Structure formats: structure tokens, C-alpha cells
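Trainee: I'm new to this one. Could you pick a single part and walk me through it slowly?

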Amino acid sequence: MNKTDYNKLFKEYRRGGTLLLHVCCAPCSAGVMPRLNGFNVVPYCYNPNIDTLTEYNLRASQYAKLGMTPIIEKYDHGEFLNAVKGLESEPEGGERCKVCIQMRLEKAAEKAAEIHADLFCSTLSVSPLKNAEFINAAGARLGEKYGVPFLPNDFKKDNGFLLSTQNSKSAGLYRQTYCGCEFGRTPTH
Ligand code: SF4
């Protein structure tokens, strides 16, 4: 992450700038939202990677416990399955995850442009299994493509992951034991 860019963007927009925040789940959001005080945060839930509609709805229902009302995209797991075809047996953190993360960031960038947000970013980097460098590079590329700057971040830093687990517990959130897709169904998150 380029610290200068981060500080500049953070300073410039945190007094009410609109930040479209791609949310992967409520537990990760619980660790990220307290770090975004001062922004007008618009949470955006686009996660076709989640393996079943039941799980998708269960995760989506948790945001209300944090006082969040995200824009929730219609669930279409087929979009994800098509995108990762041939990469099913990749390990978590490998090529399949790169495609998965990029597709979610791209949709977030598109939505950020549509609602005329000042910035966009994602909660994804709060997970110890998500590479912030990759997320920031993909976000920066997509930000250029859609004309909305990506706020570079590594939300797991400074005990960000711990904050997400503590806040999830206090809010009584359902905390899943796997990332999302059927191919990464090992206890990870
Ligand atoms: S393990 Fe997680 S990040 Fe990787 S492809 Fe599956 S849902 Fe996406």
C-alpha cells in the first residue's frame, strides 16, 4: 500500500465523503466500520461466491445487528462458478481466490461509479487469509477503469482481525467457519 495515497485520500474524504464499501460479511464489517468514522459509508453486498442461497441469506441478515443496511445484490452463484471454472482445486489464497476477489471488486467499482461515490474499498483485507497487496493493486486498477479512486487498506493491521472477532461477539453475529465457496470449505475465517 502506498501510505501517502492512503493518508491523502483518508484526509480528503473522511469528513462526509461517500465511500462505497464492498462488504463480504457482517463479522468482517464489524472490524472495518469503526475505522471509517467520518465517511458516509454505503455498504454494498455482492458475494456470488457464497455456496448456497440459505447461507447467503443468513449472512445478509446479520448486517442489521450492526445497524447497517447494505445494498444487497441478487444472489447468482452461477456467475462465480463460471468465473472460477478450472480453478476449483486451487488452494485458498491461490488463483481461484484472485479471480473471486477481482470479480467482487469490479462490481463494487461499477456500483461506486453508478452512485457517484467519492471512493470505494472492501472489507476483504481484514481476513488474515486475504492478501492486502493484491486487493490494493486490483482496486487501484479498477478505480482507474471506473473513475472512482480505491481507498488502499489493510484492515487486519493494528489488531483489525481481533477487533472484528470481538465486535462480532458483542453484536451476537453469526460467524461462519469458512470463507464462502464450496471449494474453500475448511475452517478459515
Ligand atoms: S475461498 Fe473465499 S476468496 Fe477463495 S474463491 Fe472461495 S469464496 Fe472466494
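Mentor: Sure, let's take helix 6 and look at what covers its buried residues: the cover includes helix 5 and strand 4, residues 119-122. Keep in mind that this is a predicted model. Helix 6 itself runs over residues 132-146, so to speak a stretch of 15 residues. From its first C-alpha to its last it reaches 20 Å, close to the 21 Å expected at 1.5 Å a residue.

Now for the residues tucked under that cover. Buried in helix 6 are Ala132, Phe134, Ile135, Asn136, Ala138, Gly139, Leu142 and Gly143.

Have a look at the two ends next. At the N-terminal end, Asn131 acts as a cap on helix 6. One of its side-chain oxygens sits 2.8 Å from the backbone nitrogen of Glu133. At the other end, Gly147 comes just after helix 6 and takes a positive phi of about 75°.

Let's go back to helix 5, one of the elements covering helix 6. Helix 5 spans residues 95-114, and with 5 residues it gives the most to the lining of the largest cavity. That cavity holds about 110 Å³ of space, and the count of cavities of 30 Å³ or more comes to 2. Its lining has 13 residues, with Arg96, Cys97, Cys100, Cys179 and Cys181 nearest the centre. Sorted by type, the lining residues are 6 nonpolar, 3 polar and 4 charged.

Methods:
Residues are numbered from 1 along each chain as its sequence is written. This is a predicted model: local features need pLDDT of at least 70, side-chain atom pairs count only at pLDDT 80 or more; totals for chains, interfaces and linings use all residues. Side-chain values use heavy atoms; hydrogens and water are left out. On a 1 Å grid over the protein atoms alone, a cavity is a set of points where a 1.4 Å probe fits but cannot get out, and a pocket is an open set with protein on both sides within 12 Å along at least five of seven lines; lining residues have an atom within 4 Å of a point. Grid points are joined across faces, edges and corners, and a volume is the space filled by probe spheres set on the points. Helices (H or I, at least four residues) and strands (E, at least two) are DSSP runs, numbered from the N terminus. Ala, Val, Leu, Ile, Met, Phe, Trp, Tyr, Cys and Pro count as nonpolar, Asp, Glu, Lys and Arg as charged, and the others, Gly among them, as polar. The expected span of a helix is 1.5 Å times one less than its number of residues. Buried means under 20% relative accessible area, exposed over 50%, partly exposed in between (1.4 Å probe, protein chains only). Contact means heavy atoms within 4.5 Å. A polar contact is a pair of N or O atoms within 3.5 Å; within protein, one must be able to donate a hydrogen and the other to accept it, and residues adjacent in sequence count only if both atoms are side-chain atoms.
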